[in-house]
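Hello,

Here is the structure I promised to pass on to you. Please have a look at it first, and then read my notes below.

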Amino acid sequence: MIVIKELNPKGYKLTIEQEKNLKILLDKLNKVRKAWGKPMIITSGLRSNEDQQKLIASGRSNAIKSNHLLGLAADISDPKKELQKWCLANEKLLEEIGLWMEDFKATETWVHFQAIPPKSGKRWFMP
Ligand SMILES: [Zn+2]
């Protein structure tokens, strides 16, 4: 199972909202982890504003208000697209759990999960 430290490896001091959000996200990710049955490596969980600015500057993100800042999103390493395939085959379960993903065209080697819907409300959305 995934533990909270994996979502906040730098040990950022949390606001009450971030703490609450990370717990919700962790619970949802562990439901996927259990159903999927394989290890999940988190490559990016909670980000500071500084982290996010660096990603934008390097062209790796275009989101000023990323859900990573709120503790509501996590990226899972998926170089072989195994998790992506699993997600596509388990849309119903992801709907029940309440997770949304960036379109896999935008996330070639990882899966971005977030615990709140995007503006479009679509299960998969373009970032
Ligand atoms: Zn992400």
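A word on classes before the findings: Ala, Val, Leu, Ile, Met, Phe, Trp, Tyr, Cys and Pro count as nonpolar, Asp, Glu, Lys and Arg as charged, and the others, Gly among them, as polar. Please also keep in mind that this is a predicted model.

With those classes, the lining of the largest pocket divides into 14 nonpolar, 12 polar and 10 charged residues. The space in this largest pocket comes to about 950 Å³. It is lined by 36 residues, and those closest to its centre are Arg-47, Ser-61, Ser-66, His-68 and His-112. Two or more lining residues come from each of β1 (42–44), α3 (49–57) and β4 (110–114).

Two of those central residues turn up again at the metal. Which residues are the protein donors of the zinc ion? They are His-68 through NE2, Asp-75 through OD and His-112 through ND1, at 2.0 to 2.1 Å from the ion. Along the sequence, the spacing of these donor residues reads H-x6-D-x36-H. Distant parts of the chain are linked here, since Asp-75 sits in strand β2 and His-112 in strand β4, 37 residues apart.

The second largest pocket has a volume of about 160 Å³. Its lining includes Trp-36, Lys-38, Pro-39, Met-40 and Ile-41, along with Ile-76, Ser-77, Asp-78, Glu-82 and Leu-83. Here β2 (73–77) and α4 (82–89) are the elements that give two or more residues. By class, this second lining has 7 nonpolar, 1 polar and 4 charged residues.

Helix α4 also packs against another helix. The axes of α2 (residues 16–36) and α4 come within 12 Å of each other and cross at roughly 95 degrees. An angle of 65 to 115 degrees counts as roughly perpendicular, so that is how α2 and α4 lie to each other. Val-32, Ala-35 and Trp-36 of α2 meet Glu-82, Leu-83 and Trp-86 of α4 in this contact. The contact has 5 nonpolar residues, 1 charged residue and no polar ones.

Best wishes

Terms used: Residues are numbered from 1 along each chain as its sequence is written. This is a predicted model: local features need pLDDT of at least 70, side-chain atom pairs count only at pLDDT 80 or more; totals for chains, interfaces and linings use all residues. Side-chain values use heavy atoms; hydrogens and water are left out. On a 1 Å grid over the protein atoms alone, a cavity is a set of points where a 1.4 Å probe fits but cannot get out, and a pocket is an open set with protein on both sides within 12 Å along at least five of seven lines; lining residues have an atom within 4 Å of a point. Grid points are joined across faces, edges and corners, and a volume is the space filled by probe spheres set on the points. Helices (H or I, at least four residues) and strands (E, at least two) are DSSP runs, numbered from the N terminus. Axes are lines fitted to C-alpha atoms, for helices over the stretch in contact, and angles run from 0 to 180 degrees between N-to-C directions. Angles under 35 degrees count as roughly parallel, over 145 as roughly antiparallel, 65 to 115 as roughly perpendicular and the rest as oblique. Contact means heavy atoms within 4.5 Å. Donors are N, O and S atoms within 2.8 Å of the metal (3.2 Å for Na, K and Ca); water is not among the atoms, so sites may look incomplete.
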